[in-house]
Amino acid sequence: MTVAPYPLIMIICLVVGYLAGISMHRSDYCMAGMFRDLFLFKRTFMLRTLVLLVLSSMILFEVARLIGFLPLYPFPLLYSPTLANIVGGMLFGLGMVLAGGCVVGTLYKMGAGSVLSTVAFAGLILGSFFYAEIHPWWAAFIKSTTFFTGRITLPQILGVSPFILIFPVAALGMFLVLRWKNEGKLVRPSAAEGYLQPWKAALFLSVLGLTSYVLIGMPLGLTSSYAKLSGYIGSIFFRDHIASLAYYQAIPLKYVHPLTNTYLQGGGGPRFDAISAMQFPLVAGIILGSMSSAVALREFHLYYKLPLKQYVSAFSGGIIMGLASRMAPTCNVWHLMGGLPILATSSMLFLAGLLPGAWLGSKLMVHVVLRR
Amino acid sequence: MLTLNIIRYDICGQICPSTLLTALQVINEYSQQLSDGEVKIAFKTDNRDAISTIPESAANMGYPVTVTKGDGYYLIEISGAEE
């Protein structure tokens, strides 16, 4: 029996997104906040659960690879390391802190009624459009600063089996996580109704990441859909210009969908393709999941009488993050929940850039945006 | 007997980390009056993360905290002494 790939992919991504949205809202799983609070308050509670998320994904992906569930390894749209990973990561870190949420945090907060996150979302789309304008220049920069061409992960660069590196890293990491667990550093009391302990959300999100990798052929990703939206909206106003931009014409995704054995392709342009089938339902699912969680808890409420500086911060942070998502290329979800768990060097560089970027964002947030 | 003065802050819908930052600044600002039992500070917030972090920070500073849920928000009340 042959199964049409698009409806299947769309349903899977919608369900995965819906479940992710609920769990992120319940635990307030804000990755931007994790990095910001490290620099601002020296709080590492949430960041510890991100370590668990990366390690858990690492173990799940490796087990799935060993039993033959991941024919695409490394997964598509993951490239050799380049300086662009660091520069993009830095801008991304800055943008996510100013926006008050990363590319997925913005979605679940928006779903729960955050007006500022909706403004940040508009910024994300505008930033993606700005990237399309500078794409030829930036693509040349990526090309000229790529090293280890043809090799993506650390095991590939070192010429060893992934297991040789992943086993010790995962074992050491889990030792650390178990120590945190025994010391009570992975749980905290909360009076929030229906609170989901973030470590449980981390484990659940890693299972959703694996579900996507096995059933779709790659881990969770969503920012190309923001570029597509920018293309659709831009086409309303200046169709010819949008059609002339190289970024919107490119089709970087070309792969065989393992589950249906179908050849699929996709890109950031305003047209329906494999990326649309994966990412639009995922985005919609996250917003709907979070919204239904907030409504069920009677916590959905729109507050819009807020300081102007916060609106400016959310919008400009969104623009920077949208731009950075394409420059890096791709976002924190792709790199931290997908690339890092398979020891992709581009993801390591992205993280190396993300940290100073988030530090700078935290400084700006306190000394400019929230200055009393 | 002193009249208890309640200082109210509405930080609903604000960008993170405005909620925790405001709370910490206000607690520090009124630390003396809090300790003397002259004031009580009430924060209205819809930020689920802050519902953990504000009580934790206030408790670490030695102030008793109560959290109650309202319609679309949580009310975090910090007082200087056990009631």
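Select helix 3 (residues 45–66) of chain A in this predicted model, and within that helix pick out A:Glu62 and A:Arg65, which lie three residues apart, about one turn of the helix. With both side chains shown, the pair is seen to form a salt bridge, the closest N and O atoms being 2.8 Å apart. Side chains of opposite charge can pair when their charged atoms come close. A search of the whole structure finds eleven salt bridges over all chains, and another of them appears later at the interface with chain B.

Follow chain A onward into the loop between helix 3 and helix 4 (83–99), where A:Pro74 is placed. The peptide bond to select here is the one joining A:Tyr73 and A:Pro74, which is cis with omega at about -5°. A second cis peptide bond runs from A:Ala328 to A:Pro329, with omega near -25°; to find A:Pro329, go to the loop between helix 14 (308–327) and helix 15 (332–339) of chain A.

Go back towards the start of chain A and select A:Asp28, in the loop between helix 1 (5–27) and helix 2 (31–40). The backbone deserves a look at this residue, as phi of A:Asp28 is near 50°, a positive value in a residue other than glycine. Most residues other than glycine have a negative phi, and most peptide bonds are trans.

The next selection in chain A is the pair formed by strand 1 (residues 253–257) and strand 2 (residues 262–266), which run in the antiparallel sense and are joined over five bridges. To check the register, display A:Leu253 and look across to A:Gly266 in strand 2 of chain A, which stands opposite. Four residues lie between the strands of this hairpin, and A:Asn261 takes a positive phi near 55° there.

Now turn to chain B and colour its open sheet of four strands, whose order is 1-2-4-3 with mixed pairing. Strand 1 (5–10) and strand 3 of chain B stand at the edges, and each has a single partner strand, so one side of each is left without a neighbour in the sheet. From one strand to the next the twist averages 20°.

Within this sheet, select strand 3 and strand 4 (residues 74–79) of chain B, which pair in the antiparallel sense over five bridges; here B:Val67 stands opposite B:Ile76 in strand 4. Then add the helices that pack on the sheet, beginning with helix 1 of chain B, which touches strand 1, strand 2 (39–45) and strand 4 and whose direction makes about 175° with that of strand 2. Helix 3 of chain B touches strand 2, strand 3 and strand 4, and its direction makes about 5° with that of strand 4.

The last stop is the interface, for which both chains should be shown together: the contact takes 29 residues from chain B and 36 residues from chain A. Between them the two chains bury about 2,600 Å², 53% of it on carbon and sulfur atoms. Which side chains should be selected to see a salt bridge between the chains? A:Glu299 and B:Lys69 meet in one, at 3.0 Å from N to O, and the count between chain B and chain A is five salt bridges. Across the same interface, 20 residue pairs are found in polar contact.

To see what chain B brings to this contact, select helix 1 (18–29), helix 3 (50–60) and strand 3 (65–69) of chain B, the elements that give two or more residues to the side touching chain A. Helix 1 of chain B supplies the largest share of that side, seven residues. Coloured by class, the side of chain B that touches chain A shows 13 nonpolar, nine polar and seven charged residues.

Note on methods: Residues are numbered from 1 along each chain as its sequence is written. Chains are lettered from A and ligands numbered from 1 in the order in which they are written. This is a predicted model: local features need pLDDT of at least 70, side-chain atom pairs count only at pLDDT 80 or more; totals for chains, interfaces and linings use all residues. Side-chain values use heavy atoms; hydrogens and water are left out. Contact means heavy atoms within 4.5 Å. Buried area is the accessible area (1.4 Å probe) that two parts lose on being put together, summed over both. A salt bridge is a side-chain nitrogen of Lys or Arg within 4 Å of a carboxyl oxygen of Asp or Glu. A polar contact is a pair of N or O atoms within 3.5 Å; within protein, one must be able to donate a hydrogen and the other to accept it, and residues adjacent in sequence count only if both atoms are side-chain atoms. Ala, Val, Leu, Ile, Met, Phe, Trp, Tyr, Cys and Pro count as nonpolar, Asp, Glu, Lys and Arg as charged, and the others, Gly among them, as polar. Two strands pair if DSSP finds at least two bridges between them. Axes are lines fitted to C-alpha atoms, for helices over the stretch in contact, and angles run from 0 to 180 degrees between N-to-C directions.
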